[in-house]
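Reader: I've got a model open on my screen and I'd like to learn how to read it. Could you walk me through it, one feature at a time?

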Amino acid sequence: MLMLYYTNTARSTIAELATSENGLAISDAKERLKIYGPNTIKVSGEPLWRKLIEPFASIFMVVLFVAMAISLFHHDVLDAVIIAIIIATSAIIYYVQQFSTERILRALRKHESQAVEVLRDGKAISVDSSLLVPGDIIMLTEGEKIPADARLLSSSSLRIDESQLTGESQPISKQTEALRGNREVYEQSNMLFQGSFVVSGSASAIVTTTGNDTEFGQLAALTKDAATKSPVQQKIDRLLTQIIAVVAGIAVVAFCLSLYRGMDVTESLRFVIALSVSAVPESLPVAISVVLVLGMRRMAAKKALVRTMRAIETIGVITTIATDKTGTLTKNQLTVQTTWQTHGTVKSLAQIIARGVNHASHKMHDPLDNALNEFAESKGATQPSQLPMLSLPFDQAAAMSGNVWHNGEEYDLFIKGAPEHVLTRSDLTENEREQALVQLHKLTAEGYRVIAIAHSMLKKPITTFDDLTHKHTLTFDGFVAVADILRPEAKRAITAAVNAGVTVRMVTGDHFETAYQIGRQLGMVDSHNQVFDSRRMNVMSDEELEGIIENTRVFSRVIPEHKYRILTLLNKHNITAMTGDGVNDVPALTNAHVGVAMGSGASIAKDAGDIILMDNNFKSIVDAMHEGRTIYANIRRMLFYLLATNAGEVLTMLGSLAIGLPIPLVPVQILWVNLVTDTSMVIPLGLEPGEKANMKRKPNQPDAPIIGKFLASRMVLVALSMAALTIGMYAIYTAQYGHEYGRTIAFSALVVMQWANAFNTRSDDESIISRLRVFNGKFYVGLAIAVTLQGMVIFGPLGPLLHVTPVTIGDLVVTGSISFVATILLVEMHKWIGRNYLERTY
């Protein structure tokens with residue numbers, strides 16, 4: 001029977017789930033985990049039978065089956081067996097690639113696990129969300145993702161984003177009282193649902209359902225885990241569609257030419273089928289998936305967890321990075337450096353600070369509160385024996401946070417906040433205010449982050465800073481100067497990004513002078529004109545602001561609304577990456593081309609980001625950018641290699657027919673070349689280490705073709721040279737030693753030229769000598785496999801199966817050397833011209 005927990009009181013819900021206000025016993029939680037299973041959502045995937053037939057469901061496999069049937073009908077059993085082996089080998093490779101991809105993705109998902117604070121045996125402990133069970137009592141704070149369906153027990157100013165479940169874009173206020181009657185999900189104001197986020201406030205709740213029994217889980221169970229394709233995969237799919245259309249036309253021409261040259265109809269069909277299959281790089285989409293997933297794993301090893309494949313490509317083409325300072329460019333290890341007080345002693349100021357620290361930050365461990373608390377303790381301040389009556393979290397509009405304490409019949413408010421805002425509300429005289437501003441400028445000029453400390457007596461408590469009227473003036477107590485440690489690698493990473501054609505902009509809430517000093521230390525600015533006080537944005541139009549943003553590298557006094565507006569204007573002319581870690585950063589993260597969330601940030605920010613920096617380090621963004629460019633370049637290499645070699649095969653066959661020669665290769669040889677060279681070399685080329693020039697080029701435009709004009713011209717040259725050399729060697733050796741001998745020489749030469757092309761493809765512009773110094777073990781393993789298999793054909797037992805006749809070692813060495821060297825020299829000349837004379841577009 002379905003329990004309507006929203007109709008129960010909090011106390012009756014605790015009783016119904018056989019737990020207590022102290023939470024479950026650890027032993028009870030383990031037993032319940034056995035009964036209910038892990039708190040994970042299982043999405044229905046493809047059935048096993050569909051996975052098994054998937055590699056055989058492509059049009060290319062169907063064509064190969066037709067070719068095998070024609071061979072059997074023609075009583076060419078050996079050819080049919082060879083085609084069957086090729087089909088089976090292709091299927092096995094497909095299975096291995098898919099299995100590897102899924103295994104890596106499963107491993108990467110483990111990084112996204114969520115830690116939840118839960119009461120067990122009366123103690124608050126942190127457990128993985130997958131270990132939650134019905135009856136667990138959980139504590140939630142701002143920014144956290146709700147890990148399971150739960151009934152609220154207590155709440156403070158709680159507002160929830162349930163858009164993923166209900167579609168409601170506005171946050172919903174929650175309460176703890178029981179409800180009556182049947183209520184829809186969006187009406188259950190005392191329930192929390194898995195997949196939602198805490199936008200503000202805090203709460204405790206008791207878990208009612210987990211996993212697929214949750215409201216979100218039931219919806220997810222109705223959907224399938226559809227794999228999304230990255231933009232580069234979509235480009236490849238469109239390109240393959242165009243190639244198939246072209247090949248279809250070529251097949252018709254080849255069929256007509258072969259009949260015109262007197263070839264048998266059945267043999268013509270087998271020839272055209274083999275030519276069509278070899279001309280289209282049908283295995284490329286699966287190979288790209290493998291390369292992308294392996295790239296995601298490499299990025300994760302460098303502390304950048306990629307959540308969407310789209311981000312892998314986009315991070316490589318970004319033109320500007322808007323980054324926070326704290327924790328990204330700095331270590332987020334705050335320490336109090338000095339203080340300035342208007343009255344009293346440092347110890348008295350420390351006592352006020354101790355009462356203004358946010359004691360509700362037990363989960364987030366705010367670095368500023370920690371630094372202030374450590375300072376207060378070091379100065380002998382007496383720590384409060386009880387928690388404050390009310391903690392006021394940081395308010396963006398007021399730029400303050402603080403605590404309300406009960407003091408007899410009155411109440412004391414202790415706050416910390418932005419100096420300008422606190423001074424505006426304080427009771428200082430004009431002279432005192434001027435003196436405070438002088439001290440503020442002095443501290444910020446030294447690069448310190450300055451926090452103002454103040455207090456006030458209240459007749460009645462307040463729940464938000466909006467409740468403070470103009471009658472409530474603050475007693476200003478002084479300044480605390482806090483310093484963070486710059487990451488030593490931050491300046492080098494910024495320089496690397498700038499050299500790669502990417503502008504870096506620091507977006508910080510710090511005072512103007514503090515922001516300038518930090519920007520100067522990082523090499524981002526050298527004058528105050530390059531720093532912008534974002535408070536001026538409020539009176540500026542977008543047109544005015546757009547011109548300023550273009551030349552600004554450091555933005556000070558930024559609030560989330562400013563960050564979103566800056567990003568919107570940057571997006572007009574840039575591909576942007578934006579960092580963020582809090583609830584208020586979510587709009588900017590989702591609006592950026594690549595949202596970069598901090599691993600230590602709020603769950604809602606991490607869920608909105610495309611990439612999560614596990615170490616919160618700016619350098620990891622630059623590393624991810626380099627990896628993204630390398631992956632994109634490698635995909636381009638794979639495509640170039642396949643298209644150039646396949647086009648060479650097609651031109652060889654068509655050229656022979658056009659000039660009246662017999663075709664140099666029989667159908668099974670064409671399929672063999674396609675299988676051996678494509679399969680063994682294409683993925684190793686996709687795993688090539690990045691080139692030095694990767695981070696010295698300007699980013700490509702996202703809508704640019706994968707292969708630009710320069711590489712396209714090289715591809716045409718390679719294809720033409722392969723065809724010319726193959727046909728020429730076939731004609732020469734056929735005239736001297738006969739058709740079978742000439743075909744074997746042509747077959748061998750074509751394969752060697754494809755190996756040479758693989759060496760050429762390792763770099764877009766580096767010479768082969770330079771690239772040989774960069775070791776890629778996978779490339780040499782693939783090459784060894786290809787050479788071994790080809791050796792078994794030329795010298796071993798596979799020769800008769802592929803219609804290979806014995807030839808002299810001398811002829812093989814001469815033709816092989818010419819094929820290899822000629823292909824290398826042609827491309828080296830093309831690279832040299834590009835390096836020295838042309839403005840290249842790859």
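Author: Sure, let's start with one residue. At 14% relative accessibility, Asn616 counts as buried, because the cut-off for buried is under 20%. Keep in mind that this is a predicted model.

Reader: Where does Asn616 sit, and what is its phi?

Author: First the general idea: most residues other than glycine have a negative phi. Asn616 goes the other way, with a positive phi near 55 degrees. You'll find Asn616 in the loop between β21 (611-613) and α22.

Reader: Which other non-glycine residue has a positive phi?

Author: Try His803, with a phi of about 60 degrees. His803 is also in a loop, the one between α27 (777-794) and α28 (809-837). Unlike a buried residue, His803 is partly exposed, with a relative accessible area of 30%.

Reader: What about the chain as a whole? How many helices and strands are there?

Author: The protein chain has 28 helices and 21 strands. Its C-alpha atoms fill a box of roughly 115 × 70 × 45 Å along the principal axes. Of its 842 residues, 52% count as buried. For contacts between residues at least 6 apart in sequence, 73% join residues at least 24 apart.

Reader: How do I read a nonpolar core? Which residues have the most contacts inside the largest one?

Author: Think of a core as buried nonpolar residues joined through their side chains. Here the largest has 136 residues, and Phe271, Phe618, Met625 and Phe747 have the most contacts inside it. Helix α22 (residues 618-658) gives the most to this core, namely 19 residues. Apart from that core lies another, of 27 residues, including Leu423, Ala454, Ile462 and Phe476.

Reader: Take Met625. What is it in contact with, leaving aside its neighbours within four places in sequence?

Author: With those neighbours set aside, the contacts of Met625 are Ile315, Gly316, Ile318, Ala497, Ala500, Val502 and Met695.

Reader: Now a helix. How do I tell which side faces in?

Author: The general idea is that an α-helix has 3.6 residues a turn, so residues three or four places apart point the same way. Look at α15 (residues 430-445): it has 16 residues and reaches 22 Å from first C-alpha to last, close to the 22 Å expected at 1.5 Å a residue. Ala436, Leu440, Leu443 and Thr444 are its buried residues. They cover an arc of only 90 degrees around the axis, so they are on the same side of α15. On the other side, Glu430 and Asn431 are exposed.

Reader: What do the buried residues of α15 pack against?

Author: Their partners are β10 (335-341), α14 (419-425), β14 (449-458), β15 (475-483) and α17 (512-521). Just after α15 comes Gly447, with a positive phi of about 85 degrees.

Reader: And aromatic rings? How many pairs are there?

Author: You check how far apart the ring centres are, then the angle between the planes. A search of the whole structure finds 11 aromatic pairs. One of them, Phe476 with Phe479, is edge-to-face, at 5.1 Å centre to centre and 65 degrees between the planes. Both of those residues are buried. Tyr733 and Tyr737 are stacked instead, at 6.2 Å and 25 degrees.

Reader: Why are Tyr733 and Tyr737 separated by about one helical turn?

Author: Because they are 4 residues apart in helix α24 (residues 709-737). Tyr733 is buried, at 11% relative accessible area, while Tyr737 is partly exposed at 48%. For rings that group further, look at Phe759, Phe775, Phe779, Tyr780 and Phe820, which form one aromatic cluster.

Reader: One last case: is Thr744 buried or exposed?

Author: Thr744 is buried, with a relative accessible area of 0%. It lies in helix α25 (residues 739-761). A polar atom of the Thr744 side chain is 3.0 Å from the backbone nitrogen of Thr805. Leaving aside neighbours within four places in sequence, Thr744 is in contact with Ile794, His803, Val804, Thr805 and Val807. So your positive-phi residue His803 turns up again, as one of the contacts of buried Thr744.

Methods:
Residues are numbered from 1 along each chain as its sequence is written. This is a predicted model: local features need pLDDT of at least 70, side-chain atom pairs count only at pLDDT 80 or more; totals for chains, interfaces and linings use all residues. Side-chain values use heavy atoms; hydrogens and water are left out. A nonpolar core is a set of buried Ala, Val, Leu, Ile, Met, Phe, Trp, Tyr and Cys residues joined through side-chain atoms within 4.5 Å. Buried means under 20% relative accessible area, exposed over 50%, partly exposed in between (1.4 Å probe, protein chains only). Helices (H or I, at least four residues) and strands (E, at least two) are DSSP runs, numbered from the N terminus. Contact means heavy atoms within 4.5 Å. The expected span of a helix is 1.5 Å times one less than its number of residues. The arc is that of the directions from the helix axis to the C-beta atoms. A polar contact is a pair of N or O atoms within 3.5 Å; within protein, one must be able to donate a hydrogen and the other to accept it, and residues adjacent in sequence count only if both atoms are side-chain atoms. Rings of Phe, Tyr and Trp (its six-membered ring) pair if their centres lie within 6.5 Å; planes under 30 degrees apart count as stacked, over 60 as edge-to-face and the rest as tilted.
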